[in-house]
Amino acid sequence: MEKHDDLPLGFGMALAQNEQAMTYFANLTEEQKQSVITATHNIQSKQEMHNYVQNLPRQES
C-alpha cells in the first residue's frame, strides 16, 4: 500500500493553503491521487503549483 506522506513539498504546501482543494484531494481514490501527484512533477514554479492546486476541485475525474 502506498503512503501519501511523500507528497511533493510544494504540492503539500499549496494544498495546505487551499481547504477546498485539500478536501477534493482527500476524497480521491488512491489511483486518482497518484495521477494528481504525477502531474505535479512537471510544475516548475511556485505560482504554477498554486494555480494547479487552485484548479484541482474544478477538474473532472
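How much area does the protein chain expose, and what share of it do carbon and sulfur atoms supply? The exposed area is about 4600 Å², with 49% of it coming from carbon and sulfur atoms; the areas were computed by the Shrake-Rupley method with a 1.4 Å probe, and for residues only the protein chains shown count as cover. The model is a predicted one, so to speak of local features takes pLDDT of at least 70 and side-chain atom pairs count only at pLDDT 80 or more, while totals for chains, interfaces and linings use all residues. Residues are numbered from 1 along each chain as its sequence is written, and side-chain values use heavy atoms, with hydrogens and water left out.

On to the fold. The protein chain has 4 helices and 0 strands, running α-α-α-α from the N terminus. Helices (H or I, at least four residues) and strands (E, at least two) are DSSP runs, numbered from the N terminus. Of the 61 residues, 30% are buried, meaning under 20% relative accessible area (exposed is over 50%, partly exposed in between; 1.4 Å probe, protein chains only). Among contacts (heavy atoms within 4.5 Å) with a separation of 6 or more, 62% link residues 24 or more positions apart.

Now for the inside. The largest nonpolar core holds 14 residues, and Phe11, Leu15, Phe25, Val36, Val53 and Leu56 have the most contacts within it. Such a core is a set of buried Ala, Val, Leu, Ile, Met, Phe, Trp, Tyr and Cys residues joined through side-chain atoms within 4.5 Å. Each of α1, α2, α3 and α4 puts in at least two residues. Val36, setting aside neighbours within four places in sequence, touches Phe11, Phe25, Leu28, Tyr52 and Leu56.

Phe11 and Phe25 are both buried. Rings of Phe, Tyr and Trp (its six-membered ring) pair if their centres lie within 6.5 Å, with planes under 30 degrees apart stacked, over 60 edge-to-face and the rest tilted. That rule gives 1 aromatic pair: the ring centres of Phe11 and Phe25 are 5.3 Å apart and the planes at 75 degrees, so the pair is edge-to-face. Because Phe11 sits in helix α1 and Phe25 in helix α2, the pair ties together parts 14 residues apart in sequence. Lys33 lies over the face of Phe25, 5.8 Å from the ring centre; the criterion is NZ of Lys or CZ of Arg within 6 Å of the ring centre and within 35 degrees of the ring normal.

Last comes α4 (residues 46–55), whose buried residues are Met49, Tyr52 and Val53. They cover an arc of only 95 degrees around the axis, which puts them on the same side of α4; the arc is that of the directions from the helix axis to the C-beta atoms. These buried residues pack against α1 (9–16), α2 (19–26) and α3 (30–40).
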